[in-house]
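This report walks through selected features of one structure, sheet by sheet and residue by residue. Please keep the sequence and the model in view while reading.

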Amino acid sequence: VYIDNAYIGKAPVKSDKLSAGKHNLKIMQDMYHLYEEDVEVVAQKTYRMAPYLKAKFAFVTIQAAEGVEIWVNGEKKGVALWKGKLEDGEYSIEARRTACRTVTTTCVIDSKAESKKLIKLDSPTPIGGKLDVTVLPDGADVYLEGKLVGQTPLFLQKVLVGNRIVTVKKEGYASQQFEINVVENQTANVSGNLKKE
């Protein structure tokens, strides 16, 4: 709260005695419109004021798929769901997930038009590469990140980019683990021979 541009404290607040005459009252709070009024003060009179500040924000709910991070103007807000206040203005909202292409949406918040807003984000699209496993003997089980994906020889068309663990196992042979890096639109090769136990 300001009187004649001098800060007097946070509401509720009581001012010191004011001289008779006109005084400028300003009340400011984040996410609310400035309240300003000229008040005529009469000697020996006390004024009680309870002005209403108009909000300049909307209550926003942002929904995304499970495991998808929600970012607003470059700041992480949550995963899958975020609820909060956004001040009037334009925002860049992103749906992010590891090894996926980020989806960006532009949103305008206008508290005069709506006090609540629901934003549903599209899911990020996976970025993939290929995997070619030619470990001998044929018919060995191939696990990608611990999940059985087929038997050798094996060619996978869609594997998420990034560092991956490939494990090859066959009864009577010592299993072997490979660390690979899958790159977008390229083929990662895994080859070798399992040793008999």
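## Thr167 and its surroundings

Thr167 is part of strand β18, which covers residues 162-169; strands here are DSSP runs of type E with at least two residues, numbered from the N terminus. The model is a predicted one, in which local features need pLDDT of at least 70 and side-chain atom pairs count only at pLDDT 80 or more, while totals for chains, interfaces and linings use all residues. Residues are numbered from 1 along each chain as its sequence is written, and side-chain values use heavy atoms, with hydrogens and water left out.

Because its relative accessibility is 14%, Thr167 counts as buried; the term buried applies under 20% relative accessible area, exposed over 50%, and partly exposed in between, with a 1.4 Å probe and protein chains only. Apart from neighbours within four places in sequence, Thr167 has contacts with Asp141, Val142, Tyr143, Gln176 and Gln177, a contact being heavy atoms within 4.5 Å.

## Rings and charges

The structure contains 3 aromatic pairs. In one of them, the ring centres of Tyr32 and Phe57 are 5.5 Å apart and the planes stand at 80°, so this pair is edge-to-face. Rings of Phe, Tyr and Trp (its six-membered ring) pair if their centres lie within 6.5 Å, and planes under 30 degrees apart count as stacked, over 60 as edge-to-face and the rest as tilted. The pair of Tyr32 and Phe57 joins distant parts of the chain, 25 residues apart, with Tyr32 in the loop between β3 (21-27) and β4 (35-41) and Phe57 in strand β5 (residues 57-63). Tyr32 is partly exposed at 23% relative accessibility, whereas Phe57 is buried at 7%. Ring pairs also bring Phe59 into a cluster with Tyr32 and Phe57.

Charged side chains sit over rings as well: the end of Arg96 is 3.7 Å from the centre of the ring of Trp71, and the end of Lys169 is 4.9 Å from the centre of the ring of Tyr143. The criterion is that NZ of Lys or CZ of Arg is within 6 Å of the ring centre and within 35 degrees of the ring normal.

## Two open sheets

Strands of a sheet pair through backbone hydrogen bonds, either parallel or antiparallel. One open sheet has 4 strands in the order β7-β6-β9-β11, with antiparallel pairing; two strands count as paired if DSSP finds at least two bridges between them. Its edges are β7 (75-79) and β11 (103-109), each of which has a single partner strand, so one side of each has no neighbour in the sheet. Strand β9 (residues 89-96) and β11 run antiparallel and are joined by 7 bridges, and Glu94 has Thr104 as its bridge partner in β11.

Another open sheet of 4 strands follows the order β2-β1-β3-β4, again with antiparallel pairing. The edge strands are β2 (6-7) and β4, each pairing on one side only. Between β3 and β4, which run antiparallel, there are 7 bridges, and the partner of Asn24 in β4 is Asp38.

## Trp82 and the cysteines

Trp82 belongs to strand β8 (residues 81-87) and is buried at 12% relative accessibility. Not counting residues up to four places away in sequence, Trp82 touches Val60, Thr61, Ile62, Ile70 and Lys77.

The structure has 0 disulfides, a disulfide being a pair of cysteine sulfur atoms within 2.5 Å. Cys100 is buried, with a relative accessible area of 11%, and Cys107 is buried at 6%.
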